[in-house]
Amino acid sequence: MKRAEVCKFRLFIADHTQNSAQAVANLRRLCQVHLAGRHTIEIIDVLREPERALAAGVFMTPTLVRYVPGPDVRIVGTLNQTPTVLLALGLGDPAA
Amino acid sequence: MLTCAVSLPARLGDLPPAELSMKTRLQAPSGSSKAATGITGFDEVTGGGLPRGRTTLLLGGPGSGKTIFALQFLAYGAGNLAEPGIFVAFEETPARIVANCANFGWKLEELKERRLFFVDAQPLPDLIQAGTFDISGMLAALGVKARKMKAQRIVFDALDVVLALLPDAAAKRAELYRLHMWLVAQGLTGLITAKADDDQHNTFSTPGYGFLQYMVDCSIVLNHRLELGVSQRNLRVQKYRGSRFIEDESPFVIGKQGFDVAIARTLGRKDTEVSAERVSSGIERLDTMLGGGYYRGATVLITGYPGTAKTTLSGAFAEAACLRGERTMFVSFDSDGSEVVRNLTSVGIQLGRFIKDGRLRMISARTLTGSAESLMVHIKALAKEHGARCMVIDPVSTLSRAGNELTAHGVAERLMDWSKASGTTLVCTSLHDELSANAEGVTALHISTMADTWLHLNYLVQAGERNRGMSIIKSRGTAHSNQVRELVLSSEGVTIADTYTAGGEVLMGAMRWEKETAMRLANEDAEVADELKRVSLDAQEAVLQVRAKSLQTELVAKAVEKTLLARANANRGWAQKRGADRMRELRGADVAVKPRAARKK
């Protein structure tokens, strides 16, 4: 992936549960480190917008969807296992 | 990765957030406290179905029928009770589940439009997992959907798939608790299925489920095992809060219409109506022996060694039933239907014509495989389809071959119970194994005690011959002959021979024939003697008659002679007188009296 490309994320969370709060924090930190200035994050609370979750087929929270660049990449969980997340998103060296 | 099979119109925010909170919507269970499943037998086991507004856990090994059970529960609610339902599929795509269950006749495609909603919640194999997660997203989405379609039933199929993704027991437990709370809050009748390896005692030691089993209000266990190499499925209700239920394992099969749970007659069930009507056994003289025939709706058992004409007797019954115009089913385990028809033709029983006009249905059960239980379900379904009033099962002892004998006994018992409940007159044959059964009173399945009429066929060896003997061992509620009779098969039909006894033995076969011949010869002799006597009497009579005639003629002749004599006398007197007168005239003399008197001397 080209470094210059912008990454667009949707993060489905469930209210302010511990898992969700962790995921939001983890995603923000990751983006600051690896994608500074070239990312957008949309946070969707499935309790408020359940129809969107159903439409997107999101059943576990939190779920991170990177829809740009395609194809979609989905990561389920609190995103705190950073090497796994980076590998999945194609960012950096997992060993780093 | 998760996908959704049916996407919703994305009308966001048409529900205020407060509505979405889990605990806001406590629905009072409506109507009866049980949600009927429409599964034959299961609603009887549980006294009405699954607990309404509560959660039921369905556990079972691979291929035990969890998904079918769950879908049938939903389809019945949606199709028959106007209770829409949601099916959350964790393991298979909804399209495949629908396709797999398409043959059950549940009209899933029709229901799918409005009453039945499928959610494809499969975690795809390339799912990336980083850290722990929960299922509140799914529950929130389902909550909205449930409200929109006024769903009353929900199924989570293969929940274990999701649980397996959770890192530890505590997380699993937390999610189960979340799910349980959500179900309670929604007031939905929930059914959760999960895989479990069953052991002999039907307890599940898989971590995580234990908690689930305690949490739910009802727990059902399905198992599928081999009994002596024959597949046997069983269902057991492990617990059911606030309700009584049948605690034993009940065998079940997955039949044409889905689940069919076998249960024996439950206590308190109404007795079926009995009939005093008699139906012919197909053999006139046997009807006489039974005091008019079998009772309508009775179970008749015909036992005997191979070749004692069990099939022939049942064929005669089938023919008689068809001749009365009754729909009849003939289940043959031993030979093909066409073979049976051909073989029976040789004894004058013509079944072919009734097969043609659809009155008779021959089932070759050799082609049916599986446990005794599934055989019975097949037979029951076929009988229902055909609308049979009379049924023959030849031989019923085959059931004990398929799987273990205890089960087979239960099956035979239920079969009789069913036939009585439906008013079907059932004729079963049962094979006596010459090697194993040495006592007359023992039948393979011990069904003889349940049968209403029991005919026993036997070979009687006498004077170097084997002949078929038939006796009525019992016939409830009818006067019946106590004699051992000889069954005679010929191309004209089946009949029972006249009885001759000699020295306390019933004469059969050639000895009967000898006796019959001797009697016939004696009869003939007597007839000849009579004839001779008659002829000789005729002759004597003729002689007498001739003699009488000649005497009569002689009599007439004598009379004529007498007349002639009298006339001659008279003539002579006259002539004499004329002569004397003439002489006197010639002599001119007077009448001389003296000389005439002297001459007369």
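In the predicted model, helix α6 of chain B has a run of buried residues: B:S136, B:G137, B:M138, B:L139, B:A140, B:A141, B:L142, B:G143, B:V144 and B:A146. Of the 13 residues of α6(B), 10 are buried, so the helix is largely enclosed by the rest of the structure. The helix covers residues 136–148. At 1.5 Å a residue, its expected span is 18 Å, and its end C-alpha atoms lie 18 Å apart, so the two values agree. After α6(B) comes B:K150, which has a positive phi, near 55°.

Chain B as a whole contains 17 helices and 25 strands. Buried residues account for 41% of its 601 residues. Contacts in chain B between residues at least 6 apart in sequence were also examined; 73% of them join residues at least 24 apart.

Nine strands of chain B form an open sheet. Their order is β17-β16-β18-β19-β15-β20-β21-β22-β23, and the pairing is mixed. The edges are held by β17 (360–364) and β23 (493–496) of chain B. Each has a single partner strand, so one side of each is left without a neighbour in the sheet. From one strand to the next, the twist averages 20°. Within this sheet, strands β15 (residues 299–304) and β20 (residues 453–462) of chain B run parallel and are joined by five bridges. In this pairing, B:L301 is opposite B:W454 of β20(B).

Two helices that pack on this sheet are described here. Helix α11 (residues 310–323) of chain B touches β15, β16 (328–332), β17, β18, β19 (425–431), β20, β22 (485–490) and β23 of chain B. The direction of α11(B) makes about 165° with that of β18(B). Helix α14 (residues 372–386) of chain B also packs on the sheet, where it touches β16, β17 and β18 of chain B. The direction of α14(B) makes about 155° with that of β16(B).

One loop residue of chain B was followed in detail. B:P395 sits in the loop between β18 (390–394) and α15 (405–421) of chain B. B:P395 has 24 C-beta neighbours inside 10 Å; the cut-off for a buried residue is 20 or more, so B:P395 counts as buried. Leaving aside residues up to four places away in sequence, B:P395 touches B:K310, B:F333, B:D334, B:T429, B:S430 and B:L431. B:P395 and B:T311 are 84 residues apart in sequence, while their C-alpha atoms are 8.3 Å apart in space.

Chain A has three helices and four strands. Along the sequence, its elements follow the pattern β-α-β-α-β-β-α. Of the 96 residues in chain A, 42% are buried. Among contacts in chain A between residues at least 6 apart in sequence, 64% join residues at least 24 apart.

A further open sheet draws on both chains. Its five strands have the order β2(A)-β1(A)-β3(A)-β4(A)-β6(B), with mixed pairing. At the edges stand β2 (39–45) of chain A and β6 (128–129) of chain B. Each of these has a single partner strand, so one side of each is left without a neighbour in the sheet. Strands β3 (residues 63–68) and β4 (residues 73–76) of chain A run antiparallel, with four bridges between them. Here A:R66 has A:V73 of β4(A) as its bridge partner. Helix α3 (residues 82–89) of chain A packs on the sheet. This helix touches β3 and β4 of chain A together with β6 of chain B, and its direction makes about 165° with that of β4(A). Across the chains, β4(A) and β6(B) pair in the parallel sense over two bridges. A:V76 is opposite B:Q129 in β6(B).

At the interface, 32 residues of chain A are in contact with 29 residues of chain B. On the side of chain A that touches chain B, the elements giving two or more residues are α2 (50–56), β4 and α3 of chain A. Helix α2(A) gives the most, with six residues. By class, this side of chain A has 17 nonpolar, 10 polar and five charged residues.

Note on methods
Residues are numbered from 1 along each chain as its sequence is written. Chains are lettered from A and ligands numbered from 1 in the order in which they are written. This is a predicted model: local features need pLDDT of at least 70, side-chain atom pairs count only at pLDDT 80 or more; totals for chains, interfaces and linings use all residues. A residue is buried if 20 or more other C-beta atoms lie within 10 Å of its own, exposed if 12 or fewer, and partly exposed in between; C-beta atoms are placed from the backbone. Two residues are in contact if their C-beta atoms, placed from the backbone, lie within 7 Å. Two strands pair if DSSP finds at least two bridges between them. Axes are lines fitted to C-alpha atoms, for helices over the stretch in contact, and angles run from 0 to 180 degrees between N-to-C directions. Ala, Val, Leu, Ile, Met, Phe, Trp, Tyr, Cys and Pro count as nonpolar, Asp, Glu, Lys and Arg as charged, and the others, Gly among them, as polar. The expected span of a helix is 1.5 Å times one less than its number of residues.
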